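Trainee: I would like a close look at one single part of this protein, and then at how that part fits with the rest. Please take me through it slowly.

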Amino acid sequence: MKFLLFILLAGLSSYAGEPVPIDTKATKETRALYCNLHQLTEKGILFGHQHATEYGHGWSGDADRSDVKSITGSHPAVIGIDFSGLSGRPDSLIKQEESHLRKVITETYKRGGLITVSWHFNNPLSGGGFYWKEGVSKASVREMIPGAAAHDTYKSILRRIADFLHTVKGADGEPIPMIFRPFHELDGSWFWWGKKHCSPDEIKTLWRFTVTYMRDSMNIHQLLYAFSPDCTFQSESEFLERYPGDDFVDMVGMDNYADFGRDGKYNLPAALKKLQIVQAYANKSGKLAALTETGLESIPNPNWWTEVLLKTITTPGLRLSYVLVWRNDKISPTHYYAPFPGQVSEPDFIRFYQVPVTIFEKDLPALYTD
């Protein structure tokens, strides 16, 4: 079945006349990726896992390993990484992180997989890390927008990230395309860029500056930009409350753990309603749609993959580009979101993998060529 799917997808590589990224100077590989992702939504949904090849349940740093591959024989189609380590640390540690990320990105690209980048951005103006800590964290968004006191500080952080991105290249020297997902879950208040800590106009302004500065000043043309609030919205207007505008977003999505079994609470009708809101907006704006983060910690439900996740994301009318589950911690015995050999949901995950609609790395056509 998977081999048949690959044959079907292999003919979907032309992007002539198809949607193009918001960056009019996007590299040819990035343009091809954007169009191919649009076309792949007609056939299936890519499966992703955060930090999948960096570490897993009880291991770290092994070559060509992921917990998903240990079960299925294939890495996830989408590998999640994070830019958290590229600021707020000594230069020696940042350089070490750059080297590590460069390796993960280039190896994924060489295999034909896709990188998506979250940014657990440590507060540059206060302690507290990326979470909001009352009495410690500073409401920094308003201080970093153009004209504000810490705007130059923010520009220096973006310059460091851009300098890194200029070094991440394929075998022929081409910049490697990635999906960049800054300021995620901005409708919640657990991060310092969240709802209670900045106004809609402030976060929109910071987002727009981020895109224009990276694109126009730093000449970064390999990024697709993804907007991904959490699941607090109930309507399109709530979903768009902090949306920076169609000229600054390539993909719309949401992060949703709450409706998929967290704390033993399932509300799949609510999850579906929110996905339909995301999909409807993607359809009318010409964007990609995705379930950018989800999962069930420790996966105690042995049939979670097919009876919960698959049933929801394959509802008629949805055309999600990818679904990504969170990481498998290398130390914690309970903090994991993808199965590993012997985990209770392993048999069901194999069924999930075998369904033709789910796309793993081995099933991918050439994403970066027309």
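Mentor: Happy to. Let us begin with the one term we need: a residue counts as buried when its relative accessible area is under 20%, as exposed when that value is over 50%, and as partly exposed in between. Keep in mind as we go that this is a predicted model.

The part I would pick is strand S7, residues 223-227. Five of its five residues are buried, so S7 is largely enclosed by the rest of the structure. Side chains in a regular strand alternate between the two faces of the sheet. Look along S7 with that in mind: Leu-223, Tyr-225 and Phe-227 point one way, while Leu-224 and Ala-226 point the other way, and every one of these residues is buried. Both sides of S7 are thus lined by buried side chains.

Next, look at what pairs with S7. Strand S6, residues 178-181, runs parallel to S7 and is joined to it by three bridges. One position to find on screen is Ile-179, which stands opposite Leu-224 of S7. Strand S8 also pairs with S7 in the parallel sense, here over two bridges. Ala-226 has Met-251 of S8 as its bridge partner.

How does the chain get from S6 to S7? The connection involves helix H7, and S6, H7 and S7 together make a right-handed β-α-β unit. H7 spans residues 200-217, and the loop between H7 and S7 holds Asn-219. That residue deserves a pause: Asn-219 is not a glycine, yet it has a positive phi of about 55 degrees. With a relative accessible area of 47%, Asn-219 is partly exposed, whereas the strand that follows the loop is buried at all five of its residues.

On the other side of the pairing, follow the chain onward from S8. The loop between S8 (251-256) and helix H9 contains Ala-258. Ala-258 is partly exposed, at a relative accessible area of 25%. Beyond its neighbours within four places in sequence, Ala-258 is in contact with Cys-231 and Lys-265. Between the C-alpha atoms of Ala-258 and Ala-270, which are twelve residues apart along the chain, the separation is 9.9 Å.

It helps to set S7 beside another strand, and S10, residues 322-325, is a good choice. S10 is also covered on both faces: Tyr-322 and Leu-324 are buried on one side, and Val-323 and Val-325 are buried on the other. S10 pairs with S1 (residues 45-50) in the parallel sense over four bridges. Strand S9 (residues 288-294) runs parallel to S10 as well, joined to it by two bridges. Val-325 makes a handy landmark here, since His-49 stands opposite it and Thr-294 does too.

S10 belongs to a right-handed β-α-β unit made by S9, helix H10 (residues 304-313) and S10. Eight of the ten residues of H10 are buried, so this helix is largely enclosed by the rest of the structure. Trp-304, Trp-305 and Leu-309 are among those buried residues. The buried residues of H10 pack against several elements, including S1, S9, S10 and H9; H9 is the helix at the end of the loop that holds Ala-258.

There is a second positive phi to compare with Asn-219. His-51, again not a glycine, has a phi of about 55 degrees, and it lies in the loop between S1 and strand S2. At 10% relative accessibility, His-51 counts as buried, while Asn-219 is partly exposed.

Finally, step back to the whole. The protein has eleven helices and eleven strands. Its radius of gyration is 19 Å, close to the 21 Å that the globule rule gives for 370 residues, so it is as compact as a globular protein of that length. Buried residues make up 60% of those 370 residues. Of the contacts with a separation of 6 or more, 75% are between residues 24 or more positions apart. Within that overall picture, S7 is a strand that is buried along its whole run and pairs in parallel with S6 and with S8.

Terms used: Residues numbered from 1 in each chain as written. Predicted model: local features only at pLDDT ≥ 70, side-chain atom pairs only at ≥ 80, totals over all residues. Heavy atoms only, no water. Buried < 20%, exposed > 50% of the residue type's maximum accessible area, 1.4 Å probe, protein only. Pairing = 2+ DSSP bridges. Right-handed = clockwise from strand over helix to strand, strands pointing away. Rg over C-alpha atoms; globule rule 2.2 N^0.38 Å. Contact = heavy atoms within 4.5 Å.
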